[in-house]
Amino acid sequence: CSIPDTANLCSSQSSVNPRTVIPYKSSTNISSLETLQLDGYFSFDHIDFAARDFGNRYHFLPLAVLHPKSVSDISSTVKHVFKMGSTSQLTVAARGHSHSLQGQAQAHQGVVINMESLQGPEMQIHTGELPYVDASGGDLWINILHETLKHGLAPKSWTDYLHLTVGGTLSNAGISGQAFKHGPQINNIYQLEVVTGKGEVVTCSEKQNAELFYGVLGGLGQFGIITRARISLEPAPKMVKWIRVLYDEFSKFSNDQERLISSMDSFDYIEGLVIINRTGLLNNWRSSFNPKDPLQASRFISEGKTLYCLEIAKYFSPDESDIMNQKTESLLSELNYIPSTLFLSEVPYVEFLDRVHLSEIKLRSKGLWEIPHPWLNLLIPRTKINEFAQAVFGNILTGNSNGPILIYPVNKSKWNNRTSLITPEEEIFYQVAFLSSAMPSSTGKDGLFHILAQNQRILDFCSKASIGAKQYLPHYSTQEEWQTHFGPQWEVFVRRKSTYDPMAILAPGQRIFRRK
Ligand code: FAD
């Protein structure tokens, strides 16, 4: 199956077919790495795991994997590579949980740092007026949740799936249904400890080394390796009222979403899904949700239709359930969904946040987790969302989809515009995520080739219709495309790169800069 985007790669892998594993080892580089005094260790064999990711399409074999035990292991390694200067082409990639889609956490013939083995100081939780947790860059969000809950606290902003690392999501943004209220995860960080591309260990925050702090947040791993993050917390709720309703008109659905995100006294989580031609949809929901009107719900037909599902949640403590129910009913009464499709559920907070893990377990048991994932994530300005929906859901994606399609608006005013993350210009924009899975060796509509072609049609439409879309978890083949992605921010990005990683050692898998 041909991958359409392998030409003109910007980084040191430029002549490499991304699906090829190259069994080549540079003995000079190996022996130079072996001279380093470390608390942890390097592996040079059995390292093919570091050439895999969730996307399962790009496989770059590294030269070595560092299993660091301390921040100083990471600093010594990067400093060593930096000092080798242009006599070496070695690069360094931090690898979080490797849930990237196109090899972003890989380093062809370079050093991959297995961040999950970093044993920093234990997670420290500070209670008080502005509570926070100090966590390692390699910590998984699910572990942060469990630890902070012991103190009745939890982070404010999440991703839909929690088995991702702090460093991995902060290098992108970390967006979920709480982002309309709290901004993405990168907006909820007080301080970072970072190893720069020169191997220096730097503490940074809004007040201290602010340029590095904002550069690293959403910075695609380009300016430093996050070894520690101070994450803001809030009192954790015990329970969640979780609600799904359906619409058959996109404009009614998006109007309701926009109305809900405009008020802070609204739900605590607001997302949405596009559902194309699903059989027995509401019957499937019954395993986790109860229909408000069972008889009407049993008569509802989803086959042959494109439907829009608003997914909302309200947090509560069991002793406040009456007030929460009143508030929820009042909010629901203002919405224009199809009345027979109101489904409700009450679940513990952890179960709600860790919901995607249940799907992971099911998919793994069927061998459907480790298959190619040609995902496409876009941020679409509000004024273009109807045009986008009409073209994409009414025209390009007809018949079915190969995985969930998420769609929900967020307020830009809640997002700090000093970070490296690029978003559309408008005050409200939509996150639209096509989370496709490709059946291995299928040449049909569920195969990789078909899905990649469909993604390309969506991108082509956005470009021809001047939608002003920005890719989230971006992936490009040429530096020119990166420049277009960053727009006026490109100069800032390049300046930060030359300050903090002048030899372009870090995160080569993003393929933005060429190793010097
Ligand atoms: P990796 O894939 O390991 O790394 C990603 C990038 O960050 C690489 O370039 C890597 O070099 C760099 N990096 C890793 N660790 C560090 C570090 N400590 N310091 C500096 N750079 C580092 N995203 C959302 O925003 N919202 C969602 O709801 C969401 N849901 C998802 C659900 C699933 C099932 C999956 C697979 C992904 C989802 N994502 C979501 C995307 C996810 O946030 C990104 O893919 C993220 O990068 C994954 O984290 P990771 O730890 O696996 O990072």
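Q: What makes the pair formed by tyrosine 472 and the ligand a polar contact?
A: A polar side-chain atom of tyrosine 472 lies 2.6 Å from an oxygen atom of the ligand. A polar contact is a pair of N or O atoms within 3.5 Å. The pair therefore counts as one. This is a predicted model, where local features need pLDDT of at least 70, side-chain atom pairs count only at pLDDT 80 or more, and totals for chains, interfaces and linings use all residues. Side-chain values use heavy atoms, without hydrogens and water, and residues are numbered from 1 along each chain as its sequence is written.

Q: Which atoms of threonine 165 and the ligand pair up?
A: An N or O atom in the side chain of threonine 165 is 2.6 Å from an oxygen atom of the ligand.

Q: How many residues surround the ligand?
A: The count is 32, and Gly96 and Tyr472 are among the closest. A residue is near a molecule if one of its heavy atoms lies within 4 Å of it.

Q: Why is α13 called roughly antiparallel to α14?
A: Helix α13 (residues 385–396) and helix α14 (residues 448–464) pack at about 150°. Angles under 35 degrees count as roughly parallel, over 145 as roughly antiparallel, 65 to 115 as roughly perpendicular and the rest as oblique. So α13 is roughly antiparallel to α14.

Q: Why is α7 called oblique to α13?
A: Helix α7 (residues 250–261) and α13 pack at an angle of about 140°. That angle makes α7 oblique to α13.

Key. Axes fitted to C-alpha atoms, helices over the stretch in contact; angles between N-to-C directions. Helix = DSSP H or I, 4+ residues; strand = E, 2+ residues; numbered from the N terminus. Polar contact = N/O pair within 3.5 Å; in protein donor to acceptor, adjacent residues only side chain to side chain.
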